[in-house]
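Reader: I'm new here, and I'd like to understand the words people use for a structure like this. Could you walk me through them?

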Amino acid sequence: MKQARRLIIRFVLIVAALATTTTAPAQSAPKSEAGKGSHAPAYPLKVSANHRYLVDKNGKPFLIVGDTPQGLMGRISEKDAEHYFADREAHGFNTLGWIDVMCAGNDYPDITDAATPDGIKPFTGYVAGGTDYKHYDLSKPNEAYFVRLDHIVKLATNHHLLVFLDPIETIGWLPTLRNNGMEAAYAYGQFLGKRYGGFSNVAWLNGNDFNLWTIPSDDDLLQAVSKGIRSVAPHQLQTVELHVRTSSSFDDPRWIPLSELNSTYTYSATYIQILHSYNQKPVAPDYLVEAHYDLEDIGGPKDFGSPLVLRKQNYWTMLSGGVGQFYGNRYSWSFKEGWKEKIDTPGVEQLGIWKKFFLSLRWQDLVPDQDHSTVTGGLGTFGNVDTNVSQSDYCTAAQTRDGETVVAYVPTSRAITVNMAKLRGPAQGRWFDPSNGSYQEIAGGPLANSGSKQFTPPGKNHDGDEDWVLLLEAAGH
């Protein structure tokens with residue numbers, strides 16, 4: 001009898017262990033950090049002590065360098081996802097911002113049921129009123145679909161990438177939330193939080209062109225998902241992308257308690273909205289979540305995503321208080337036909353140059369020169385939210401509080417005037433070419449840290465454009 005009882009107990013324990021393994025694969029600790037290179041961040045990330053930027057678990061500042069593969073789940077196979085992740089890691093990206101958990105709606109008109117390319121649907125049932133994706137029953141997730149998402153997250157983990165997941169993007173899925181209601185929305189968030197809470201490199205981006213956040217009932221539904229995630233995964237970072245054209249997460253005060261990051265969204269000259277986010281309270285890391293995309297002409301005011309437009313966005317962001325950005329590409333967000341040949345562009349190469357430049361500095365300590373006490377002349381025209389990126393000539397500048405470093409981005413060729421007393425000592429001056437990463441020394445150094453001095457860019461840069469970056473570093477740097 002005792003032998004039989006022992007056999008029964010052993011059988012029950014085995015069944016329980018198998019159930020845990022098959023129903024919650026993401027609860028086990030990811031293997032992302034085993035064998036990683038010394039260059040890779042140590043997850044999880046958290047907000048810095050001064051709330052201005054992110055740091056990894058060792059306290060190292062984390063510069064957000066993201067690509068935006070929104071349509072991955074509905075467009076490509078696991079094999080192609082591996083190809084894409086390896087490519088992005090090789091090009092210096094450290095973030096995927098973001099992957100839509102499900103793909104359907106206006107952004108994906110051909111994916112009517114939100115299925116994977118091989119036909120796996122995300123849910124197994126429907127609420128009353130229809131059998132389309134808008135009536136999916138959020139309480140009936142399809143295990144096979146979320147196993148696929150598990151695999152995608154694990155692949156990204158293997159490439160040391162921070163992964164922002166959009167739990168239910170609002171361009172397509174607000175009707176689904178309305179048809180399910182608050183209780184189901186919260187429970188769905190809990191499902192996701194339990195499943196992915198064990199991944200140290202997962203964060204959450206809610207919304208996506210969430211123009212209807214001003215309707216309280218719609219805002220409540222999306223917040224219910226976010227709160228569901230937070231109830232079981234309070235350690236994971238969250239943010240929200242609000243309305244299209246120009247917005248910041250904190251423009252909706254109700255999202256502030258749920259958002260560790262202030263996501264800036266704009267198609268205008270980016271310094272305008274980035275500075276707005278930087279100055280919002282409470283203080284939070286401010287980054288560029290979406291702007292003009294490489295090889296695409298969308299948004300308003302319109303601009304084609306040329307290398308020059310992308311560079312302007314990149315440097316304006318960092319010198320206006322931003323702590324990184326999500327780059328976008330027409331082919332890598334949608335995985336249109338031919339994407340493998342279209343994602344390694346001059347824009348990507350120059351984003352790598354941007355990353356290397358700022359990592360050579362104490363970028364996290366740069367303070368935007370909002371009162372123009374550092375760059376006092378030659379600023380150009382600030383403009384407004386209708387100012388095209390391609391047309392703006394505005395010079396953004398920032399400096400460290402200790403006077404070690406001054407950086408200014410000059411989009412067009414003209415003299416700018418710098419208050420040299422902002423530097424703590426005699427300085428080395430260099431012009432940096434953002435199109436190829438080369439430097440040109442400024443003659444006459446070390447430059448006195450007193451009075452005002454004019455600086456004029458060296459002419460055309462390597463790409464034949466006029467934009468340059470002025471770098472002044474106090475001696476002994």
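Reader: What makes the six strands in the order 15-17-18-23-20-21 an open sheet?

Author: In this predicted model, local features need pLDDT of at least 70, side-chain atom pairs count only at pLDDT 80 or more, and totals for chains, interfaces and linings use all residues. Residues are numbered from 1 along each chain as its sequence is written, and side-chain values use heavy atoms, leaving out hydrogens and water. Strands are DSSP runs of E, at least two residues, numbered from the N terminus, and two of them pair if DSSP finds at least two bridges between them. Here the pairing is antiparallel, and the edge strands, strand 15 (366-368) and strand 21 (439-441), each pair on one side only.

Reader: How do you know that strand 18 and strand 23 pair?

Author: Strand 18 (residues 405-410) and strand 23 (residues 468-474) share six bridges, and at least two are needed, so they count as paired. Within this pair, Tyr409 stands opposite Val469.

Reader: Why is the space lined by Leu288, Tyr293 and Phe326, among others, called a cavity?

Author: It is called that because, on a 1 Å grid over the protein atoms alone, a cavity is a set of points where a 1.4 Å probe fits but cannot get out; lining residues have an atom within 4 Å of a point. The search of the whole structure finds one of 30 Å³ or more, and the largest holds about 60 Å³, a volume being the space filled by probe spheres set on points joined across faces, edges and corners.

Reader: Which element gives the largest share of that lining?

Author: Helix 9, with three residues; helices are DSSP runs of H or I, at least four residues.

Methods
1 Å grid on protein atoms, 1.4 Å probe; cavity = no way out; pocket = protein on both sides within 12 Å on 5 of 7 lines; lining within 4 Å.
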